[in-house]
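I opened this one to look around the fold and jot down what turned up. The entries below follow the order in which I looked.

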Amino acid sequence: MKTRSSDVQVAANRGKRKAPEGDENGRGKRRSVKSDEPTSSPQIDRRLAPKRTILRGIHGCVSPRCSASTYRSSFSWYEQDAWTYVSRFLDGKSLVMLGATSKWFNKIVMEDAIWRFACLRDLRVPKPYLASSSWIKIYASAFGEYYYKITTTVSQNNGKLRNEMMDDADGRSHSYLFHQQENHIDWMRIGAFTLDSRVSLLTEKLSSPLRVPREGTIERMLESSGSCIVKDIKSGIWIADLQLVRCPVCDLSTCDGTMQTLDVRHIELFLNEGYKNGSWEYNLIASHKLQKDAVAACGAIFDLKHLKSSSSCILNLKSWTGAPDDSQPKAMIAPHAVAVHTRLQENEGIVVKYQTMKAGTDGDIVSIRISQQLL
């Protein structure tokens, strides 16, 4: 096929823009160029093209929700409510270790409500009572083996809280570690109970039904029923321990005699200075002898106000005293009572002693002991 030179020239110039003509100063001069020729553009199949083309590019979002300052996790390790909740699952030793990590945790751990919860939880006492001492000290006196001393001052050397073992009397957990240590052999924690009223029934017999003695001297009550009524007892939470001590009659090192003691005390007893310095002493209020073979050594304390509800479970001896040939001491705790029971070998009798301790000369009774010893 032949082409003309004019057609070639037109094809070469097609789509080219004519340069502007210069003025007298040599500067370019723009002028509009009108052309009937179509401009070059991509060939788009109209059947496949969208109805509306996107004219803008991608831009950043300006919403406040996605700004750089807010696009991060809201979780914080230092949430007081969260750590207060976590502390409900820690024992005393773990609480102290947590408080010694930093001043912030020390402030959280030293909250009195945390130690009150821990104390009532570990003692299994459902009802709280007003206390004159801080609950961390009450916990310390009840659970000495888990107690550490938290100092609120910061050491100048490393800037950390000191975590030291408590060596003084506040860290003790039963009464014979304060006084008469030389006579003590062994002990076990029974538990805690509450005394709502100021009157209690002390008894050496666990037979149903319980006989509540009439008014009279304690000696007459014991002679008639094996029980006695004690008044002016400090209400609140009481802790019960079972103690095994040496024979108090003789001082011979070769004596194998022992005495079993039901030792109960008010929860704040060890925190009083009168008890620490020995000015508060136990007074013998009665002594009762049973001069015949005793099957078992028993002792119990009941809140007289709740005698009916407490005696039902304690007097069911088969449920907690063990087999007839089991001579190991057994104990039973109720919300408002405590009892011990130890089967004895053949013997010639038993002597039972009742002792109380008052908070000063005219104070309330803050500790009670019921002791049994073979004749």
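**Entry 1: a strand residue.** I started at Met 332, which sits in strand E10, residues 330-334. This is a predicted model, so I read every value here as computed. I asked which residues Met 332 is in contact with once its neighbours within four places in sequence are left aside. The list came back as Cys 313, Ile 314, Trp 320, Ala 337, Val 338 and Ala 339. I also checked Leu 315: it is 17 residues from Met 332 in sequence, and their C-alpha atoms are 9.8 Å apart.

**Entry 2: the whole chain.** I stepped back for the overall counts. The chain has nine helices and 13 strands. Of its 375 residues, 38% are buried. For contacts with a separation of 6 or more, I found that 69% are between residues 24 or more positions apart.

**Entry 3: helix H5.** Next I picked H5, residues 112-123, and tested its length. Its 12 residues should span 16 Å at 1.5 Å a residue, because the expected span uses one less than the number of residues. The end C-alpha atoms are 16 Å apart, so the model agrees with the expectation.

Then I looked up which residues of H5 are buried. They are Ile 114, Trp 115, Ala 118, Cys 119, Leu 120 and Leu 123. I wanted to know what covers them, and the answer includes both helices and strands: helix H2 (80-86), helix H3 (92-99), helix H4 (103-109), helix H6 (135-142), E3 and E6.

**Entry 4: cysteines.** With Cys 119 on that buried list, I checked for disulfides and found zero in the structure. Cys 119 has 0% relative accessibility, so it counts as buried. I looked at Cys 298 as well; it has a relative accessible area of 11%, and it is buried because the cut-off is 20%.

**Entry 5: the end of H5 and on to H6.** Just after H5, Arg 124 takes a positive phi of about 60°. I noted that one since Arg 124 is a residue other than glycine. Arg 124 lies in the loop between H5 and H6. Buried or exposed, I wondered, for Arg 124? It is exposed, with a relative accessible area of 75%, because exposed means over 50%.

H6 itself is mostly covered, with seven of its eight residues buried. I wrote down the buried ones: Trp 135, Ile 136, Ile 138, Tyr 139, Ala 140, Ser 141 and Ala 142.

**Entry 6: another positive phi.** Asp 232 is not a glycine either, yet it has a positive phi of about 60°. I found it in the loop between strand E5 (227-230) and strand E6 (236-246). Its relative accessibility is 44%, so Asp 232 counts as partly exposed. Not counting residues up to four places away in sequence, Asp 232 touches Arg 198, Asp 364 and Ile 365. I also took the distance to Asp 362: 130 residues away in sequence, 9.9 Å away in space, C-alpha to C-alpha.

**Entry 7: a loop threonine.** Thr 217 is placed in the loop between strand E4 (200-203) and helix H7 (218-225). With a relative accessible area of 39%, Thr 217 is partly exposed. Ala 286 is 69 residues from Thr 217 along the chain, and their C-alpha atoms are separated by 9.4 Å.

**Entry 8: the largest pocket.** I left the pocket search for last. How much volume does the largest pocket have? I got about 600 Å³. Its lining takes in 24 residues, and those closest to the centre are Leu 244, Thr 258, Gln 260, Pro 329 and Thr 342. I then asked which elements give two or more residues to the lining. These are strand E3 (184-195), E6, strand E7 (258-266), strand E11 (337-343) and strand E13 (365-374). E3 and E6 were already in my notes as part of what covers the buried residues of H5. By type, I logged the lining as 10 nonpolar, 11 polar and three charged residues.

Methods. Residues are numbered from 1 along each chain as its sequence is written. This is a predicted model: local features need pLDDT of at least 70, side-chain atom pairs count only at pLDDT 80 or more; totals for chains, interfaces and linings use all residues. Side-chain values use heavy atoms; hydrogens and water are left out. Helices (H or I, at least four residues) and strands (E, at least two) are DSSP runs, numbered from the N terminus. Buried means under 20% relative accessible area, exposed over 50%, partly exposed in between (1.4 Å probe, protein chains only). Contact means heavy atoms within 4.5 Å. On a 1 Å grid over the protein atoms alone, a cavity is a set of points where a 1.4 Å probe fits but cannot get out, and a pocket is an open set with protein on both sides within 12 Å along at least five of seven lines; lining residues have an atom within 4 Å of a point. Grid points are joined across faces, edges and corners, and a volume is the space filled by probe spheres set on the points. Ala, Val, Leu, Ile, Met, Phe, Trp, Tyr, Cys and Pro count as nonpolar, Asp, Glu, Lys and Arg as charged, and the others, Gly among them, as polar. A disulfide is a pair of cysteine sulfur atoms within 2.5 Å.
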